[in-house]
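Got your viewer open? Let's walk through this structure together, one selection at a time.

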Amino acid sequence: MRVLLFTGKGGVGKSTVAAGTAAAAARSGRRTLVLSTDAAHSLGDVYGVPAGPEPTEVAERLFVAQVDAQRRFEQSWAQIQEYLRGVLDVAGVDPVAAEELTVLPGAEEVLALLELRAQARQGQWDVIVVDCAPTAETLRLLALPEALGWYMTRVFPVQRRMVRTLGPVLGRAAGVPMPGDPVFGAVEDLLRELGEVRELLTGPGASVRLVLTPERVVLAEARRSWTTLSLLGYAVDGVVANRVFPGAEGDEWREGWVRAQAEVLRDLERSFDGLPVWRAAYRAEEPVGEQAVAAMALDLYAGQDPVAPPAGRAPFRVERSGAHLVMTVRLPLVGPKEVELARRGDDLLVTVGSYRRVLSLPSAVHALPLAGARVEGGNLQVRFEEKVT
């Protein structure tokens with residue numbers, strides 16, 4: 001199964017490109033679902049059909065769905081929320097306020113991931129195209145599975161043992177109920193499901209595609225997104241430059257835009273060297289409806305497979321090189337001074353800008369001393385010295 005996620009700065013036409021790519025995939029004979037995880041759902045508007053939480057058929061082999069965050073919340077968070085409401089009730093918080101306070105920030109993003117997992121597990125789709133939230137929200141969304149997985153393996157078992165041992169005493173001392181096994185079980189289930197999501201999204205059949213318009217600010221954000229997505233272990237397989245002005249001799253205003261965009265497009269090609277860059281012309285009217293977005297996508301990909309699997313090597317790998325094991329993390333558009341590296345036990349902490357990834361080291365290098373690290377050719381290479389026996 002192929003999973004393709006589209007993201008980009010708000011207003012660049014991300015939903016239209018995602019919808020068109022899905023339509024083109026369906027027309028190539030693959031059963032395709034296009035799923036929106038953006039709180040501001042617009043896929044139904046793009047196709048000109050009503051869309052809800054259940055897959056709705058748009059055309060032959062093409063279906064659309066929008067995540068119902070409330071329904072997913074009730075399915076996956078109800079037991080945890082009930083416990084939190086009990087704690088707030090003891091604290092004297094108004095029940096209506098308690099209901100709002102137990103809807104944790106970012107819950108919708110977590111639930112969107114679970115819906116993607118549920119659809120993938122059904123086994124009825126050849127392709128799932130995901131219309132993600134704007135870039136910042138998508139990056140937080142994709143960072144969740146690994147971050148919570150780290151918590152699950154390092155902190156959660158200790159907390160659970162403490163509550164089992166000291167729960168009654170802590171409850172009396174604090175005056176609030178301690179979480180029981182059902183609550184811990186619900187958290188455990190949630191984190192296990194998110195781990196499965198990460199396996200799906202970092203697998204060989206999944207990748208992210210960046211959508212942008214030829215503007216300086218938008219390009220700068222796309223560059224940062226490529227670096228951060230690579231740091232998080234997600235493959236970026238291409239860039240779509242949307243709303244490119246066609247030339248128009250005699251129209252001074254439009255020619256000014258053409259020149260400005262051409263300069264940005266040159267920088268775009270240099271910035272994303274090694275990745276395919278597709279260009280979508282600014283059309284005379286907004287593409288709405290399956291036929292219109294499919295035609296746009298067919299022009300965009302110009303005979304190429306619109307959902308071809310990502311080419312190139314994985315963003316994270318460990319290989320042997322002489323007397324060393326070398327761990328490579330893809331970090332495009334980053335210089336040595338922009339990367340901070342630290343080792344903490346069996347974890348490697350890699351920080352780029354405001355994003356940090358905690359990499360659990362493979363068992364093969366747990367006991368090996370760190371021999372050095374460098375950033376070269378868009379890759380962070382960390383060397384571990386093998387023991388001589």
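What follows is a tour of sheets, helices, cores and rings, and the model you are looking at is a predicted one.

**Stop 1: the eight-stranded sheet**

Switch to a cartoon view and find the open sheet built from 8 strands. Trace across it in the order β3-β4-β2-β5-β1-β6-β7-β8, where the pairing is mixed. As you step from one strand to the next, the twist averages 25 degrees.

Which strands stand at the edges? Select β3 (56-59) and β8: each has a single partner strand, so one side of each is left without a neighbour in the sheet.

Now pick residues 2-7 and 206-212, which are strands β1 and β6. These two pair in the parallel sense, over 5 bridges. Want one exact spot to look at? Click V3, whose bridge partner in β6 is A206.

**Stop 2: helices across the sheet**

Show α11 (252-271) next. Helix α11 lies across β6, β7 and β8, and runs at about 175 degrees to β7. Then add α12 (290-301). Helix α12 lies across β1, β3, β4, β6, β7 and β8, at about 135 degrees to β8.

**Stop 3: the largest core**

Turn on side chains. In general, nonpolar side chains of soluble globular proteins tend to be buried together. Here, the largest nonpolar core has 79 residues. Which members touch the most others? Select Y47, L201, L268 and F272, and you have them. Helix α1 (residues 14-27) gives the most to this core, with 8 residues.

Stay on L201 for a moment. Leaving out its neighbours within four places in sequence, L201 is in contact with V3, L5, L113, L116, L142, A206 and Y234. You've already met V3 and A206, as bridge partners.

**Stop 4: a cluster of rings**

There are 7 aromatic pairs in the structure. Select F245 and Y282 to see one of them: the ring centres are 5.2 Å apart, with 45 degrees between the planes. Why is this pair called tilted? Because planes under 30 degrees apart would count as stacked and those over 60 as edge-to-face, while the rest are tilted.

These two rings come from distant parts of the chain, 37 residues apart. F245 sits in the loop between β7 (236-244) and α11, while Y282 sits in the loop between β8 (277-281) and α12. Is each one buried or exposed? F245 is buried, at 17% relative accessible area, but Y282 is partly exposed, at 42%. Add W253 and W257 to your selection, and together with F245 and Y282 they make one aromatic cluster.

**Stop 5: two arginines with positive phi**

Go to R61, in the loop between β3 and β4. Its phi is near 70 degrees, a positive value in a residue other than glycine. R61 counts as partly exposed, at 28% relative accessibility.

Then jump to R243, which lies in strand β7. For R243, phi is near 60 degrees, again a positive value in a non-glycine residue. R243 is partly exposed as well, with a relative accessible area of 30%.

**Stop 6: the three-stranded sheet and the second core**

Last, find the open sheet of 3 strands in the order β11-β12-β13, with antiparallel pairing. The edge strands are β11 (339-344) and β13 (355-360), each pairing on one side only. Strand β12 (residues 347-352) is joined to β13 by 6 bridges. Click L348 and look across to β13: L359 stands opposite.

Finish by going back to the largest core, the one with 79 residues. A second, separate core has 18 residues, including L231, M327, L348 and L359.

Key
Residues are numbered from 1 along each chain as its sequence is written. This is a predicted model: local features need pLDDT of at least 70, side-chain atom pairs count only at pLDDT 80 or more; totals for chains, interfaces and linings use all residues. Side-chain values use heavy atoms; hydrogens and water are left out. A nonpolar core is a set of buried Ala, Val, Leu, Ile, Met, Phe, Trp, Tyr and Cys residues joined through side-chain atoms within 4.5 Å. Buried means under 20% relative accessible area, exposed over 50%, partly exposed in between (1.4 Å probe, protein chains only). Helices (H or I, at least four residues) and strands (E, at least two) are DSSP runs, numbered from the N terminus. Contact means heavy atoms within 4.5 Å. Rings of Phe, Tyr and Trp (its six-membered ring) pair if their centres lie within 6.5 Å; planes under 30 degrees apart count as stacked, over 60 as edge-to-face and the rest as tilted. Two strands pair if DSSP finds at least two bridges between them. Axes are lines fitted to C-alpha atoms, for helices over the stretch in contact, and angles run from 0 to 180 degrees between N-to-C directions.
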